[in-house]
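Me: I would like to go through some of the labels attached to this structure and ask, for each, what justifies the wording.

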Amino acid sequence: MPEQCEVRLPDGVRLHVEVTGPDDAEVTVVLLHGWTLDGRAWHRQVEPVRAALGEAARVVTYDARGHGRSSCMSLRTATLEQLGDDLAAVLAEVAPTGPVVLVGHSLGGMTIMEYAHRHPADFAARVAGLVFVATTAEGHTHTAYGLSPRITRLIRLAETAGAGVLARCGSWRPPRALLRALRPSLRWLLFGDRCDPVDIRLATSAVARASLRSIGGFRASIGVQHRLETLARLGDVPAAALVGDRDRLTPPRCAESIADALPTTELTVCPGAGHMLMMERPDEVNAALLGVVRRALAANMPADHGLVVGDRSHEG
């Protein structure tokens, strides 16, 4: 069972954190969830990573401000900049020493980029690997929902107006009855050709836990972020990017531009998959994640020890 704790941020927001593995692990893997989701989104990654790497790895998940079991926040802090600062605070509290591998889905990937942009010295000193899952460094530049440009423009106008209203609804949460009615729409938006009923229920449950302020408040910041130049300055950090070719929110061009900006990135395109790759394609995500962790371990430990870890993870 994971150890649960709370990180209190300077503005009073409390983040729900779960940690699995020993304090003295050789690497800490931090999994950051997407917009309107929570740490449970990684339920197909935590145990496989621990099983493959054993005592060598410690796995951390946390619910972003306004999401899951973390507390709500003021509207002015519903920004990617703040999320980047929050990640720095979590690392300082939960994993203050040793190399870390950062794994971000959607909003989580954008949070990692913001952390790299706002805390470059800390990033350079701590981060030994990166995994970007269905995310973008270019805001909504490539988001077309799989529809025509005209329909996309109309949806974006409606979405922007709706986000402004939701952002002012504070800590209220979406009515569960409404979300059940919207489940077919969520399934279309988030998943590709196949969807395990367990996963759509979990995704719907996560949205039900997100505050309306977080659902609406982060929209403006997400839409305008551009961090390709930040990625290009990250040097030779091991990295992977994964995307589904049915992703309606962050289509393949998003991952391709990340890989272009950060040449160390190993790009994987998953046929038939949508936006929820860690649920839809856990084997591919786990393989990419473990590959980056192995490279991080090899760079931070004696070669003979690295071979032992590599052999063990191959069995997993």
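Me: Why is Ala134 called buried?

Reply: In this predicted model, Ala134 has a relative accessible area of 0%, and because buried means under 20%, the label follows for Ala134. The residue is placed in the loop between strand 6 (127-133) and helix 5 (149-167).

Me: What is the phi of Ala134, and in what kind of residue does that value occur?

Reply: Phi of Ala134 is near 50°, which is a positive value in a residue other than glycine. Most residues other than glycine have a negative phi.

Me: Which sign does phi have in Thr36, and is Thr36 buried or exposed?

Reply: Thr36, which is not a glycine, has a positive phi of about 70°, and its place is in the loop between strand 3 (27-32) and helix 1 (46-53). With 15% relative accessibility set against the cut-off of under 20%, Thr36 therefore counts as buried.

Me: Why is the contact between Glu18 and Arg69 called a salt bridge?

Reply: The closest N and O atoms of Glu18 and Arg69 are 3.1 Å apart, and because the definition asks for a side-chain nitrogen of Lys or Arg within 4 Å of a carboxyl oxygen of Asp or Glu, the pair qualifies as a salt bridge. This pair links distant parts of the chain, with Glu18 in strand 2 (residues 14-20) and Arg69 in the loop between strand 4 (57-62) and helix 2 (80-94), 51 residues apart.

Me: What makes Glu18 buried and Arg69 partly exposed?

Reply: Glu18 has a relative accessible area of 17%, and buried means under 20%, so Glu18 is buried. Arg69 has 41% relative accessibility, and since partly exposed lies between that limit and the exposed class of over 50%, Arg69 counts as partly exposed.

Me: How do you know that Asp38 and Arg40 form a salt bridge, and which class of accessibility does each have?

Reply: Their closest N and O atoms are 2.9 Å apart, and because the limit is within 4 Å, Asp38 and Arg40 form a salt bridge. Asp38 is buried at a relative accessible area of 1%, whereas Arg40 is partly exposed at 25%.

Me: What separates Glu266 and Arg295 in space and along the chain?

Reply: The closest N and O atoms of this salt bridge are 3.5 Å apart, while Glu266 in strand 8 (residues 265-270) and Arg295 in helix 13 (residues 282-300) are 29 residues apart.

Terms used: Residues numbered from 1 in each chain as written. Predicted model: local features only at pLDDT ≥ 70, side-chain atom pairs only at ≥ 80, totals over all residues. Heavy atoms only, no water. Helix = DSSP H or I, 4+ residues; strand = E, 2+ residues; numbered from the N terminus. Buried < 20%, exposed > 50% of the residue type's maximum accessible area, 1.4 Å probe, protein only.
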